[in-house]
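Open the model in the viewer and keep the selection panel at hand. The tour goes stop by stop.

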Amino acid sequence: MLTFTTKTALRAWRTSLGGSLGLVPTMGALHAGHLSLLAAARRQNTRVAVSLFVNPLQFGPHEDFARYPRDLAADRRLLESSGCDALFAPSVDEMIPPGCATTVDVGPLALPLEGQRRPGHFRGVATIVTKLLAIARPDRAYFGEKDAQQLAVIQRLVSDLDLPVQVCPCPVVRESDGLAMSSRNAYLTADERAAAPVLWRAMEEASRVWAGGERRGDRLEHAMRAVLDAQPLARTDYAVAVDPTTLEPIDRAHGPVRLLLAVFLGGTRLIDTRLLG
Ligand code: AMP
């Protein structure tokens with residue numbers, strides 16, 4: 001596996017390549033969720049690159065940028081053994097040199113839910129993803145459905161800016177008890193970890209109600225809330241049923257519905273999602 005820390009070196013490698021390139025953007029602390037994106041990229045491309053950049057632009061001033069888990073040596077070993085061709089691990093100054101002033105704003109999709117709780121978050125994500133796509137020039141880029149609003153934002157930006165890349169969504173990878181894999185799961189205490197599958201159970205309950213024919217958004221949300229409220233360690237930030245494309249609340253569903261949850265367990269905020277229908 002080649003490792004690049006500069007944009008110039010990655011660009012030179014890209015220019016030298018024949019065939020297609022798949023890119024998997026990550027913030028590191030890699031787990032099986034990330035590796036599933038890498039595996040999908042390997043199946044569909046001649047070469048695969050993973051970027052590892054803890055993007056300061058997407059963290060709010062009181063968020064966990066400083067303590068976000070970082071273990072480059074472990075990540076390198078995982079990527080080597082998973083068939084990654086190139087790792088791009090730039091410094092903050094390399095990605096965002098002093099004077100860098102342009103940002104990418106995707107409009108209404110970035111405003112509700114995560115965007116409301118984390119002002120500027122999606123501007124930070126969209127700006128860095130746009131730069132990664134411009135530097136690596138992949139044919140395909142892989143993103144997890146776990147971060148469903150992020151995925152919608154990136155699909156919007158690639159479409160609106162006519163970027164020459166195919167966005168490839170990948171399903172959520174879970175622990176055996178249903179908890180979605182996340183680098184932030186490392187923050188959970190033993191008690192919080194034991195309580196964390198409550199997100200999964202809330203979505204199971206909404207799915208059960210949906211399978212019984214319920215199509216009203218508020219009823220689906222109520223089904224999730226009932227499960228979440230019964231777990232004393234969980235504090236629900238939001239648990240909503242939305243239109244899968246616009247992420248707007250639905251009154252009554254006439255097609256598929258996306259469940260989106262953000263739940264605090266202690267100081268750790270977990271998100272999860274499921275598509276109904
Ligand atoms: P992150 O390092 O958390 O920024 O995630 C990098 C990419 O991996 C994003 O596209 C995430 O949506 C995706 N990802 C993270 N966790 C999972 C998971 N459990 N299953 C599938 N994809 C995931």
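Which residue in β9 is the bridge partner of Leu 259? Select Leu 259 and follow the bridge across to β9: the partner is Arg 274. The model is a predicted one.

**Stop 1: the three-stranded sheet**

Select β8 (residues 257-265) together with β9; nine bridges join these antiparallel strands. Add β7 to show the whole open sheet, whose order is β7-β8-β9 with antiparallel pairing. β7 (234-242) and β9 (268-276) are the edge strands; each has a single partner, so one side of each lacks a neighbour in the sheet. On average, neighbouring strands here are turned by 15° against each other, direction ignored.

Next, show the helices that pack on this sheet. Helix α9 (residues 198-211) touches β7, β8 and β9, and its direction makes about 25° with that of β9. Helix α10 (residues 217-229) also touches β7, β8 and β9, with its direction at about 160° to that of β7.

**Stop 2: the six-stranded sheet**

Now select β1 to β6. These strands form an open sheet in the order β1-β4-β3-β2-β5-β6, and the pairing is parallel. β1 (2-4) and β6 (166-170) are at the edges with a single partner strand each, so one side of each has no neighbour in the sheet. The average turn between neighbouring strands is 25°, direction ignored.

Within this sheet, pick β2 and β5, a parallel pair with two bridges. Leu 23 has Ala 141 of β5 as its bridge partner.

Then add two helices. Helix α1 (residues 7-16) lies across β1, β2, β3 (47-52) and β4 (86-88), at about 135° to β1. α2 lies across β2, β3, β5 and β6, and runs at about 155° to β5.

**Stop 3: the ligand**

Select the ligand and the 17 residues around it; His 34, Gly 144, Asp 147, Val 173 and Met 181 come nearest. By class, the shell holds nine nonpolar, six polar and two charged residues.

Which residues place polar atoms by the ligand's oxygen atoms? Among them is Asp 147, with a polar side-chain atom 2.6 Å from a ligand oxygen. For His 34, a polar side-chain atom lies 2.8 Å from an oxygen atom of the ligand. At Met 27 the atom is a backbone N or O, 2.9 Å from a ligand oxygen.

Taken alone, the ligand exposes 490 Å², of which the protein buries 93%. Finally, colour β2 (21-26), α2 (32-44) and β5 (140-144), the elements that give two or more residues to the shell. α2 gives the most, with three residues.

Note on methods
Residues are numbered from 1 along each chain as its sequence is written. This is a predicted model: local features need pLDDT of at least 70, side-chain atom pairs count only at pLDDT 80 or more; totals for chains, interfaces and linings use all residues. Side-chain values use heavy atoms; hydrogens and water are left out. A residue is near a molecule or strand if one of its heavy atoms lies within 4 Å of it. A polar contact is a pair of N or O atoms within 3.5 Å; within protein, one must be able to donate a hydrogen and the other to accept it, and residues adjacent in sequence count only if both atoms are side-chain atoms. Accessible areas come from the Shrake-Rupley method with a 1.4 Å probe; for residues, only the protein chains shown count as cover. Helices (H or I, at least four residues) and strands (E, at least two) are DSSP runs, numbered from the N terminus. Ala, Val, Leu, Ile, Met, Phe, Trp, Tyr, Cys and Pro count as nonpolar, Asp, Glu, Lys and Arg as charged, and the others, Gly among them, as polar. Two strands pair if DSSP finds at least two bridges between them. Axes are lines fitted to C-alpha atoms, for helices over the stretch in contact, and angles run from 0 to 180 degrees between N-to-C directions. Contact means heavy atoms within 4.5 Å.
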